[in-house]
Amino acid sequence: MTSLDLFLPFLITAGLFAFLPGPAMLYVAARTVAANRRAGLMATLGIHLGCYVHVIAAAAGLSMLFQAVPTAYLAVKLAGAAYLVYLGIVLFRTPARSESDVSAAPGHAPKSARRAFVESMMVEVLNPKTAIFFLAFLPQFVDPSAAIPVWVQFAVLGTIVNMMFSLADIVCVLLAEAVLARLRTSGRAERLMQKIGGTILVGLGLNVALSRA
């Protein structure tokens, strides 16, 4: 496995990256604001599992495709951006529920959580920046002379990074829930939170689409 001289700097650097505010934190916060803590946590799980697609791709060397074929990178990036904008528009158009609606429809929360999980996994899979990040970051901490194959080192280090990022996202979800818990007292407040969540998602989508990298 990677030597201790490489592993300790890897943990420190990965931790710094994980807990710096970024798009993933904004995304899970938006899902929490627009629905509830369960939806935010399921969104985090969706991102976590979707990220393994990029970990596997990095281990297999497939991420190099995005560097070798810029058109493929652009196509996936625009698809992911369009999906984020679509999700934001859906939140805008979702009608707010009154407190009586909430009590009369106990199955709404599980459905929202399942939808958040599926949609978030798709968002992460369609994020080529994650693939590029792993391809640029992980090789700095891989030891080609180690007894363990390089692809295994990629997989293990990528899994650790993914878990650290997910931990940071969970903290973000809990903070968002704590700050907004007192606001969920009326349909008007819920509608406002849906607009805020939709705005964040649309903004993230536009940022992804317009970014050069």
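**Reading the buried and open parts of a helical model**

Mentor: Let us start with one residue, Q140, which at 52% relative accessibility counts as exposed, because the cut-off for that word is over 50%. Please keep in mind throughout that this is a predicted model.

Trainee: Where does Q140 lie?

Mentor: Q140 lies in the loop between α8 and α9, and its C-alpha atom is separated by 8.4 Å from that of L6, although the two residues are 134 residues apart along the chain.

Trainee: Before going on, how many helices and strands does the protein have?

Mentor: There are ten helices and zero strands, so that, read from the N terminus on, the order of elements is α-α-α-α-α-α-α-α-α-α.

Trainee: How should I read the way such a chain is folded, and what percentage of the contacts with a separation of 6 or more comes from residues 24 or more positions apart?

Mentor: The idea is to set distance along the chain beside distance in space. Here, 85% of the contacts with a separation of 6 or more join residues that are 24 or more positions apart. A81 gives a case in point, since this residue is found in helix α5 while its C-alpha atom is separated by 4.2 Å from that of G205, 124 residues away along the chain.

Trainee: Is A81 buried or exposed?

Mentor: A81 is buried, because its relative accessible area is 3% and the cut-off for that word is under 20%. Leaving out residues up to four places away in sequence, A81 touches G205, V208 and A209.

Trainee: And A209, which residues does that one touch beyond its neighbours up to four places away in sequence?

Mentor: A209, which is found in helix α10, touches K77, L78 and A81 on that count, and its C-alpha atom is separated by 8.8 Å from that of A79, 130 residues away along the chain. At 29% relative accessibility, however, A209 counts as partly exposed, because that value falls between the limits of 20% and 50%.

Trainee: How do I pass from single residues to the whole, and what percentage of the residues count as buried?

Mentor: Of the 213 residues of the protein, 40% count as buried. The protein exposes about 11,200 Å², of which carbon and sulfur atoms supply 72%.

Trainee: What is the general idea behind looking for a nonpolar core?

Mentor: In soluble globular proteins, nonpolar side chains tend to be buried together. In this model the largest nonpolar core has 39 residues, and those that touch the most other members are F10, Y27 and L138. Two or more residues of this core come from each of α1 (4-19), α2 (23-34), α3 (37-60), α5, α7, α8 (128-137), α9 (150-180) and α10 (187-210), with the largest share, eight residues, supplied by α9.

Trainee: Which residues is Y27 in contact with, once its neighbours within four places in sequence are set aside?

Mentor: Y27 is then in contact with A43, I47, L84, L87, E119, S120, V123, L201 and L204. Among these, L87 and E119 also belong to the lining of the largest cavity.

Trainee: How is a cavity to be told from a pocket, and how many cavities of 30 Å³ or more does the search find?

Mentor: A probe that fits in a cavity cannot get out, whereas a pocket is open. The search of the whole structure finds one cavity of 30 Å³ or more, and about 40 Å³ of space lies in the largest cavity. Its lining is made of R31, L87, V90, L91, R115 and E119, which divide into three nonpolar, no polar and three charged residues. Helices α5 (70-93) and α7 (108-125) each supply at least two lining residues, and the largest share, three residues, comes from α5.

Trainee: What volume does the largest pocket have, and which of its lining residues are closest to its centre?

Mentor: The largest pocket has a volume of about 770 Å³, and of the 32 residues that line the pocket, P23, A24, N127, T130 and F165 are the closest to its centre. Two or more lining residues come from each of α1, α2, α3, α5, α7, α8, α9 and α10, and the lining as a whole divides into 21 nonpolar, seven polar and four charged residues.

How values were computed. Residues are numbered from 1 along each chain as its sequence is written. This is a predicted model: local features need pLDDT of at least 70, side-chain atom pairs count only at pLDDT 80 or more; totals for chains, interfaces and linings use all residues. Side-chain values use heavy atoms; hydrogens and water are left out. On a 1 Å grid over the protein atoms alone, a cavity is a set of points where a 1.4 Å probe fits but cannot get out, and a pocket is an open set with protein on both sides within 12 Å along at least five of seven lines; lining residues have an atom within 4 Å of a point. Grid points are joined across faces, edges and corners, and a volume is the space filled by probe spheres set on the points. Helices (H or I, at least four residues) and strands (E, at least two) are DSSP runs, numbered from the N terminus. Ala, Val, Leu, Ile, Met, Phe, Trp, Tyr, Cys and Pro count as nonpolar, Asp, Glu, Lys and Arg as charged, and the others, Gly among them, as polar. A nonpolar core is a set of buried Ala, Val, Leu, Ile, Met, Phe, Trp, Tyr and Cys residues joined through side-chain atoms within 4.5 Å. Buried means under 20% relative accessible area, exposed over 50%, partly exposed in between (1.4 Å probe, protein chains only). Contact means heavy atoms within 4.5 Å. Accessible areas come from the Shrake-Rupley method with a 1.4 Å probe; for residues, only the protein chains shown count as cover.
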